[in-house]
Amino acid sequence: MSGETQPGSGSRQRIDKWLFFTRMVKSRSLAQSHIQSGRVRINGERVQQPSQIVKAGDRVELALERRDVVLIVKAPGERRGPFEEAKLLYEDLTPPQGETKRLTSYEQAIRAAGSGRPTKKERRATDRLLPDED
């Protein structure tokens, strides 16, 4: 049972546990799948195993679904607590995302001319340009 104790302050911790405790991922198994798919780097090197150890001062780069996150490890976690507690485990160095222009639903539905499959109107215009094959 002594192996079940939580790590003390200033010690090292598995990367999958640390990502879970910092609330970057919803579960340890999800953290493990991120690691095994190559979406996590520690100090610039790709992590292959969830058992990789992180310590204070390590730089963790995580490619999430909608954004890339750059974190500096401040401390190992002891539990998955509330967000305010989880923020104390890391320093966020993620560059701010540029403002992206929100498209209206109409703008999303309109496609650029000449891209994708031609419309019926464009197809007829193209057929008029071709000579008859009679």
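Helix α2 has its buried residues covered by neighbours that include α1 (15-21), β2 (40-42) and β5 (59-63). This is a predicted model, with a mean pLDDT of 85 for the chain. Besides the helices, there is an open sheet of five strands, and one aromatic pair turns up in the structure.

**Helix α2 and its two sides**

- α2 spans residues 28-36, and its buried residues are Ala31, His34 and Ile35.
- Why do these residues sit on the same side of α2? They cover an arc of only 100 degrees around the axis, which puts them on the same side of the helix.
- Look at the other side of α2 and you'll find Ser29 and Gln36, which are exposed.
- After the helix comes glycine 38, with a positive phi near 85 degrees.

**A closer look at histidine 34**

- Histidine 34 belongs to helix α2, and with a relative accessibility of 9% it counts as buried.
- That value is below the 20% cut-off for relative accessible area, so histidine 34 falls in the buried class.
- Which residues does histidine 34 touch, leaving aside those up to four places away in sequence? They are Val25, Arg39, Val40, Leu62 and Leu64.

**The sheet**

- The strand order is β3-β2-β5-β6-β7, and the pairing is antiparallel.
- β3 (45-46) and β7 stand at the edges with a single partner strand each, so one side of each has no neighbour in the sheet.
- Further in, β5 pairs with β6 (residues 68-73) over five bridges, in the antiparallel sense.
- If you want a spot to find on screen, valine 60 stands opposite leucine 71 in β6.

**The aromatic pair**

- A pair of aromatic rings is described by how far apart the centres are and by the angle of the planes.
- The structure's one aromatic pair is made by phenylalanine 20 and phenylalanine 21, at 5.9 Å centre to centre and with 45 degrees between the planes, which makes the pair tilted.
- Are these two phenylalanines buried or exposed? Both phenylalanine 20 and phenylalanine 21 are buried.

**Loop residues to look at**

- Arginine 23 is in the loop between α1 and α2, and it has a positive phi of about 65 degrees even though it isn't a glycine.
- With a relative accessible area of 36%, arginine 23 is partly exposed.
- Asparagine 43, in the loop between β2 and β3, is another non-glycine residue with a positive phi, near 55 degrees.
- The relative accessible area of asparagine 43 is 44%, so this residue is partly exposed.
- Lysine 87 sits in the loop between α3 (83-86) and β7 (90-92), where it is partly exposed with a relative accessible area of 35%.
- How far apart in space are lysine 87 and lysine 74? The two are 9.6 Å apart, C-alpha to C-alpha, with their positions 13 residues apart in sequence.

**How far to trust the model**

- Across the chain, 88% of the residues reach a pLDDT of 70 or more.
- Residues 1-7 are another matter: pLDDT stays under 50 there, and the model has seven contacts for them beyond four places in sequence.
- Where pLDDT is low, the predicted coordinates shouldn't be read in detail.

Definitions and conventions:
Residues are numbered from 1 along each chain as its sequence is written. This is a predicted model: local features need pLDDT of at least 70, side-chain atom pairs count only at pLDDT 80 or more; totals for chains, interfaces and linings use all residues. Side-chain values use heavy atoms; hydrogens and water are left out. Buried means under 20% relative accessible area, exposed over 50%, partly exposed in between (1.4 Å probe, protein chains only). Helices (H or I, at least four residues) and strands (E, at least two) are DSSP runs, numbered from the N terminus. The arc is that of the directions from the helix axis to the C-beta atoms. Contact means heavy atoms within 4.5 Å. pLDDT is the predictor's confidence in each residue, from 0 to 100. Rings of Phe, Tyr and Trp (its six-membered ring) pair if their centres lie within 6.5 Å; planes under 30 degrees apart count as stacked, over 60 as edge-to-face and the rest as tilted. Two strands pair if DSSP finds at least two bridges between them.
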